[in-house]
Amino acid sequence: LYGCEGACFPLSADAWGRVTPEAYGWSVWTGAGAWLAQHMWWHYEYGQDIEFLRKRAYPFLKDVALFYESYLTEDDKGILQVIPSQSPENRFVGSGELPVSIGVSSAMDIELVMETIFHCIRASELLDIDAHKREVWGNILNRLQKLQIGSGGQLLEWNEEFIEAEPGHRHVSHLFGLYPGELISGQRTPELYEAAKIALKRRLSAGGGHTGWSRAWTSCLFARLGEGNKSLEHLAALMKDFSTVSLLDLIEANHPWLFQIDGNLGGAAAVIEMIFQSYFEELDFLPALPEVWPEGKICGLRARGGFTVNLSWQNGKLLQAEVIPSSDRKCLIRKKFGQYEIKDNHGDYIQYKEVGVNISFNAKSGCIYLIKPI
């Protein structure tokens, strides 16, 4: 059994680490292994350490995928379902007395299975191993239950449009695919992107976001949606209403003795998400800059693809970016400021190509690339 809070192993039990359910449903969740697997992949994405991928990340990812190969259940239509499934830590009407509903193919479980399988396929390609497994995993992706959209245009939390017992629940588990995952994006899955936006705003209009860590997650979600002012609004609420005088995160405003690190880490992540994102290894400068941050500078950001990035901006526009690659590779930059001038640290102009919504150029390790809009 996996633990739920913090997606950890039997920390919710006792000093002897017995893996027995101790919290009436909150602590037992099969999706935690897949959650942990994503952190393995992200560690590789940012650092590009192929030996880490080979020796640590891929074996873990592969084991989690193996679990799902045996855990997924084929229904009478040939669709693979996650059974049993839950959406931490929420419930729907008619599911019994426990605080967590057990059902079929919650959105979060589906998103975690998809993320895990996608990353397994990509890792096996990079390592040039297990080609036969890619066929197995590709078949799972093709047959897996799809995410559902409800009558209000919202992304559904479960496989059906159940009546929610707490419409303003503090969790937004079904939005994992939007953040911190990357299954849902405006360019690649516009319909799901809009459905996720509606789901978030419905949850908040019903009173959601009433814990410190929930405010942090909400801030990150709005940054992912490109809504910088809303993102900052929730970050400000986190600091004003859910923090001690030393800015330690509080689970709830009326429980000043309950510290939880999630809000601090999530709040810091929200600041970065407003200023810089690198999903799909595409560098996106100022994706959700709030109006009250019209100028600034930030250094030492890490990006997927193994890049280090320094940024400065003025009047809400990019002034200059420095991109430092850790290896020879293509650098993709989201095209949003018109034309660009790119020079290396020797002063030589670098040619780039426009590729869809991005510009692309060949970057070499050891060089610093200066990028300016013109």
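**Sheets, pockets and cavities in the predicted model**

Strand E3 is joined to strand E4, which covers residues 282–285, by two bridges, and the two strands run antiparallel. Within this pair, Phe276 lies opposite Phe285 of E4. The structure described here is a predicted model. Strands E3 and E4 belong to an open sheet of five strands, ordered E3-E4-E8-E11-E10, in which the pairing is mixed. The edges of this sheet are formed by E3 (276–277) and E10 (353–355); each has a single partner strand, so one side of each is left without a neighbour in the sheet.

Strand E11, which spans residues 358–363, takes part in two of the pairings described next. Six bridges connect E11 with strand E8 (residues 329–334) in an antiparallel arrangement. In this pairing, Asn358 of E11 is the bridge partner of Arg334. E11 is also joined to E10, through three bridges and again with antiparallel direction. Here Lys353 stands opposite Ser360 in E11. E10 and E11 make up a hairpin with two residues between them, and Gly356 in the turn adopts a positive phi of about 60°. Strand E11 is mostly covered, five of its six residues being buried.

A further open sheet of five strands is arranged in the order E5-E6-E7-E12-E9, with antiparallel pairing. Strand E5 (296–303) and strand E9 (340–344) occupy its edges; because each has a single partner strand, one side of each is left without a neighbour in the sheet. From one strand to the next, the twist averages 15°. At the E9 edge, five bridges link E9 to strand E12, residues 369–373, and the two run antiparallel. Tyr340 is placed opposite Pro373 of E12 in this pairing.

With respect to cysteines, the model contains zero disulfides. Cys299 is accordingly in no disulfide, and the nearest cysteine sulfur, that of Cys331, is 17 Å away. Cys220 has a relative accessibility of 1% and is classed as buried because this value falls under the 20% cut-off.

Empty space in the model was examined next. Rolling a probe the size of a water molecule over the atoms shows where empty space is left. The second largest pocket encloses about 360 Å³ of space. Its lining comprises 14 residues, of which Trp41, Glu45, Arg122, Glu182 and Phe280 are the closest to the pocket centre. Helices H1 (32–47) and H3 (107–127) each supply at least two residues of this lining. The most is given by H3, which provides five residues to the lining of the second largest pocket. Classification of the lining of this pocket yields six nonpolar, two polar and six charged residues.

Cavities of 30 Å³ or more number two in the model. The second largest cavity has a volume of about 50 Å³. Its lining includes Ser105, Ser106, Ala107 and Ile110, together with Gln145, Lys146, Leu147 and Gln148. Leu156, Trp158 and Asn159 also line this cavity. By class, the lining of the second largest cavity holds five nonpolar, five polar and one charged residues.

How values were computed: Residues numbered from 1 in each chain as written. Predicted model: local features only at pLDDT ≥ 70, side-chain atom pairs only at ≥ 80, totals over all residues. Heavy atoms only, no water. Disulfide = S-S within 2.5 Å. Buried < 20%, exposed > 50% of the residue type's maximum accessible area, 1.4 Å probe, protein only. Pairing = 2+ DSSP bridges. Helix = DSSP H or I, 4+ residues; strand = E, 2+ residues; numbered from the N terminus. Axes fitted to C-alpha atoms, helices over the stretch in contact; angles between N-to-C directions. 1 Å grid on protein atoms, 1.4 Å probe; cavity = no way out; pocket = protein on both sides within 12 Å on 5 of 7 lines; lining within 4 Å. Points joined across faces, edges and corners; volume = space filled by probe spheres on them. Nonpolar A, V, L, I, M, F, W, Y, C, P; charged D, E, K, R; others polar.
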